[in-house]
Amino acid sequence: MNDALLQLTLMRFREFVREPEALFWVFVFPILLAAGLGLAFRNRPPEILKVAAVGPVLAKSLRQEKLLDVQELAMPAAGEALRLGKVALLAVPGTDGTVIYRYDDTSAEGRTARMLADRAIQRAAGRVDPVASSDSAVVEPGSRYIDFLIPGLLGMNLMGSGIWGVGFGIVDMRRRKLMKRLIATPMPRHYFLLSFLLSRLVMLVLEVGTLVAFSVLVFHVPMRGGWLDFAALCVLVSLAFTALGLLVASRVKTIEAASGLMNLVMIPMWIASGVFFSAQRFPDALQPVIKALPLTAAIDALRANMLQGAGLTQLGLEVAILSTWLIVGFTLAMKLFRWR
């Protein structure tokens, strides 16, 4: 019987290796995504903002601010430059020595340009800051966007391989009537489902190791938590999403229906669970629902472990949420599973 389980597990590996697309999406795509976003959102010097000024006096005052690239333009060329987005702000002299700032107050660049421009003009007019201050820049691993991103990509990858890898394989075998042939053999039925779990656990080492090694070596992403706690979290996350994959594929007969159900499950979590940006951006009324999602719990736990050094004992809520999805998912999948 153990040999039957081994052969079923090896069959899972052979099916995976024979699909170049699966190899790309599991191993190559996360690295390309991490590299692209890591380069796009790397730490850079402060951005120089382009502004326009009407008249030499305003232009001279604004040029005292090193973070502004000042163009002296006459009207209506200055207004045209602002309208076309060539400058973030237009400074126009008003009556009685006042200054009028024209900018888009919904734009972050416009608001920043307004603050810098007003500071430069006020200082040029003789304003002295009542309290002296200085800057002390602090840049260290753990506070960058790439450090925030990698745990999100890791959670997203575990979700995709767990749901797609397991769900698609089961539906494809059901469609080709391979399961009907397998259950006609002396194979215990639970061996069939257990082979998916065993293959996922083995692939987990390669899947997680590849992305983590790339992140640490190339971007110096910190790993402040214990490695055993990190490994246990990854196993729990993988099993929870494997359970969802089994549940989604428990009764579906066609690839098209399976794809639709899987996207219905995964896309809301891609958007809301904080893969690329904080889930706190969503309204407070949605936060309890978002916190209950398995991907949110997975990403929060991975970020806490990798960036803050949190152990499993400090992640009780996230572990409880993932365990609940694991138990409920497997229980429902076993009750609903259709072999034919």
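These exercises work through helices and their packing in a predicted model.

**Exercise 1. Span and shape of helix 10**

Task: Compare the expected and actual span of helix 10, then locate its kink.

Solution:
- Start with the length. Helix 10 covers residues 255-272, which is 18 residues.
- Apply the rise. At 1.5 Å a residue, the helix should span 26 Å.
- Check the ends. The end C-alpha atoms lie 26 Å apart, so the span agrees.
- Now look for a kink. One of about 25° lies at leucine 264. Proline 268 comes shortly after that kink.
- Step past the helix end. Glycine 274 follows helix 10, and its phi is positive, near 85°.

**Exercise 2. The buried side of helix 10**

Task: Find which residues of helix 10 are buried, and which helices they pack against.

Solution:
- List the buried residues. They are Ile255, Ala258, Ser259, Met262, Met266, Met269 and Ala272.
- Find their partners. These buried residues pack against helix 6 (145-175), helix 9 (227-248), helix 11 (287-292) and helix 12 (294-308).

**Exercise 3. Helix 6 against helix 12**

Task: Describe helix 6, then classify its packing with helix 12.

Solution:
- Take the length. Helix 6 has 31 residues and reaches 43 Å from first to last C-alpha, close to the 45 Å expected.
- Take the burial. Of its 31 residues, 25 are buried, and helix 6 is mostly covered.
- Note what follows. Lysine 177, just after helix 6, has a positive phi of about 60°.
- Read the geometry. Helix 6 and helix 12 pack at about 135°, with axes 9 Å apart.
- Classify. Angles over 145 degrees would count as roughly antiparallel. Helix 6 and helix 12 are therefore oblique to each other.
- Add the hand. The crossing is right-handed.
- Name the contact. From helix 6, the residues include Phe148, Ile150, Leu154 and Met159; from helix 12, they include Leu295, Ile299, Leu302 and Met306.

**Exercise 4. Helix 9 against helix 13**

Task: Repeat the classification for helix 9 and helix 13.

Solution:
- Read the geometry. The axes of helix 9 and helix 13 (residues 316-336) come within 8 Å and cross at roughly 30°.
- Classify. Angles under 35 degrees count as roughly parallel. Helix 9 and helix 13 are therefore roughly parallel to each other.
- Add the hand. This crossing is left-handed.
- Name the contact. Helix 9 supplies, among others, Leu233, Leu236, Val237 and Thr242; helix 13 supplies residues including Leu322, Trp325, Phe330 and Leu336.

**Exercise 5. Threonine 242**

Task: Place threonine 242, decide whether it is buried or exposed, and list its contacts.

Solution:
- Place the residue. Threonine 242 sits in helix 9.
- Judge burial. Its relative accessibility is 0%, so threonine 242 counts as buried.
- List the contacts. Beyond four places in sequence, threonine 242 touches Gly162, Val166, Leu197, Arg200 and Phe330.
- Compare with alanine 132. The C-alpha atoms of threonine 242 and alanine 132 are 58 Å apart, at a sequence separation of 110 residues.

**Exercise 6. Helix 8 and serine 195**

Task: Describe the course of helix 8, then the surroundings of serine 195.

Solution:
- Take the length. Helix 8 (residues 189-219) has 31 residues and reaches 45 Å, close to the 45 Å expected.
- Find the bend. Helix 8 bends by about 30° at methionine 203.
- Check the exit. Histidine 220, just after helix 8, has a positive phi of about 55°.
- Place serine 195. This residue lies in helix 8.
- Judge burial. Serine 195 has a relative accessible area of 0%, so it is buried.
- List the contacts. Sequence neighbours within four places aside, serine 195 contacts Leu5, Leu8, Thr9 and Arg12.

Definitions and conventions:
Residues numbered from 1 in each chain as written. Predicted model: local features only at pLDDT ≥ 70, side-chain atom pairs only at ≥ 80, totals over all residues. Heavy atoms only, no water. Helix = DSSP H or I, 4+ residues; strand = E, 2+ residues; numbered from the N terminus. Expected span 1.5 Å × (residues − 1). Bend = angle between axes of the 7 residues up to and from the residue. Buried < 20%, exposed > 50% of the residue type's maximum accessible area, 1.4 Å probe, protein only. Contact = heavy atoms within 4.5 Å. Axes fitted to C-alpha atoms, helices over the stretch in contact; angles between N-to-C directions. Parallel < 35°, antiparallel > 145°, perpendicular 65-115°, else oblique. Left-handed = near helix turned anticlockwise from the far one by under 90°.
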